[in-house]
Structures are given as C-alpha cells and as structure tokens.
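Student: Before we discuss any of the terms used for this fold, could you put the sequence and the structure in front of us?

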Amino acid sequence: MFNNILIATDGSELGDKALAAALNLGKGSGGKVTVLTVTDPVTTMVGGTGGFGQIDAGPLITQLEDGYRERAGKVLAAAQEQAQALGMAAETLHLPDHLAADGIIETAEQQGSDLIVMGSHGRRGLGRLLLGSQAAEVLARAKVPVLVVK
C-alpha cells in the first residue's frame, strides 16, 4: 500500500499518537518508515540601539541549539524503541534550523515519501488562525497524502 512513510513527531502526546498509528500502518505495509523531528531555527531579537549596549549572544545560541539537539535525540530514540518493539526497522532523522512544515515537506520530497503522518490538535476557526497550524500548512502544500492524527 505505502512503500515509504514519513512520520513527523515532536515527542508530544499528539506526536506519540501519530507515531504509534504510523508504525502500525508501516508494519502492515512492510514499507520503509522514517521518523522525523524538526527543530526551529534559533533567532535573537536583540536590538542594536536604545542604550542597552551589545551582548555576545553566541554562547546562548549554542546552548539553545545543543538543547534542541538533545531533545531531538531523545524523541528519536524513543521512536526507535517503539519501532523495535513492533519488530520493525525505522530510520530516524533530525532536521535542525527549519520551520516544522517546511522541514516535513522538504524531507518528504527528498526521501520520495508516499505518505506523511503527523499529529494535530484539530483547532478550527479563530484558534487555528491565532495559533497557526503546522499540520494545516503541510496539508496545503504536500504533494503526497497526509494522515493527520488527533
């Protein structure tokens, strides 16, 4: 059915639900499964004027990037354990410095995925407008089917 499934997860409860559903789907289809976690770019909002002087934000940025990398490693290790518990192999991938939707879509295209699986709160109306939705962005832009788990 599906030969190359991309599972996007952030380690949240919804991400874990999507992971479990996708692993079961992948086990049934016998295809390749890739688990992806994407971490945002680290940016600074330090102004150059206003009498505050200058600071060296380099160490802070490095610390944030290290934290993202460590968290991503834990998320992917847990996903790998779940896959192994089901008796299947799963490739894991951390894509740093990307917005989630952009990273998911880029990875799906690069890997030749034929299905993307991800979680979403399923917000509608004003809540979605105010908070945004990475799942909605992926649904709108993906060239392959997207299974959204609530």
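The conversation below takes some of these terms in turn and sets each against its definition.

Tutor: This is a predicted model, in which local features need pLDDT of at least 70 and side-chain atom pairs count only at pLDDT 80 or more, while totals for chains, interfaces and linings use all residues. Residues are numbered from 1 along each chain as its sequence is written, and side-chain values use heavy atoms, with hydrogens and water left out.

Student: Why is strand S1 called largely enclosed by the rest of the structure?

Tutor: Buried means under 20% relative accessible area (exposed is over 50%, partly exposed in between, with a 1.4 Å probe and protein chains only). In S1, residues 4-8, 5 of the 5 residues are buried, so the strand is largely enclosed. The cover is on both faces, with Asn-4, Leu-6 and Ala-8 buried on one side and Ile-5 and Ile-7 on the other. In a regular strand the side chains alternate between the two faces of the sheet.

Student: How do you know that S1 pairs with S2 and with S4?

Tutor: Strands are DSSP runs of E of at least two residues, and helices are runs of H or I of at least four, numbered from the N terminus; two strands pair if DSSP finds at least two bridges between them. S1 has 5 bridges to S2 (residues 32-38), running parallel, and 3 to S4 (residues 115-119), also in the parallel sense, so both meet the definition of pairing. Ile-5 has Val-33 of S2 as its bridge partner, and Leu-6 stands opposite Ile-116 in S4.

Student: What makes S3 and S5 the edge strands?

Tutor: The open sheet has 5 strands in the order S3-S2-S1-S4-S5, with parallel pairing, and S3 (91-95) and S5 (146-149) each pair on one side only.

Student: What makes the residues of H1 and H2 a contact, and how do they divide into nonpolar, polar and charged?

Tutor: Contact means heavy atoms within 4.5 Å, and Leu-19, Ala-20 and Leu-23 in H1 (residues 13-29) meet Ala-79, Gln-82 and Ala-83 in H2 (residues 58-85). These residues divide into 5 nonpolar, 1 polar and no charged, where Ala, Val, Leu, Ile, Met, Phe, Trp, Tyr, Cys and Pro count as nonpolar, Asp, Glu, Lys and Arg as charged, and the others, Gly among them, as polar.

Notes: Right-handed = clockwise from strand over helix to strand, strands pointing away. Axes fitted to C-alpha atoms, helices over the stretch in contact; angles between N-to-C directions.
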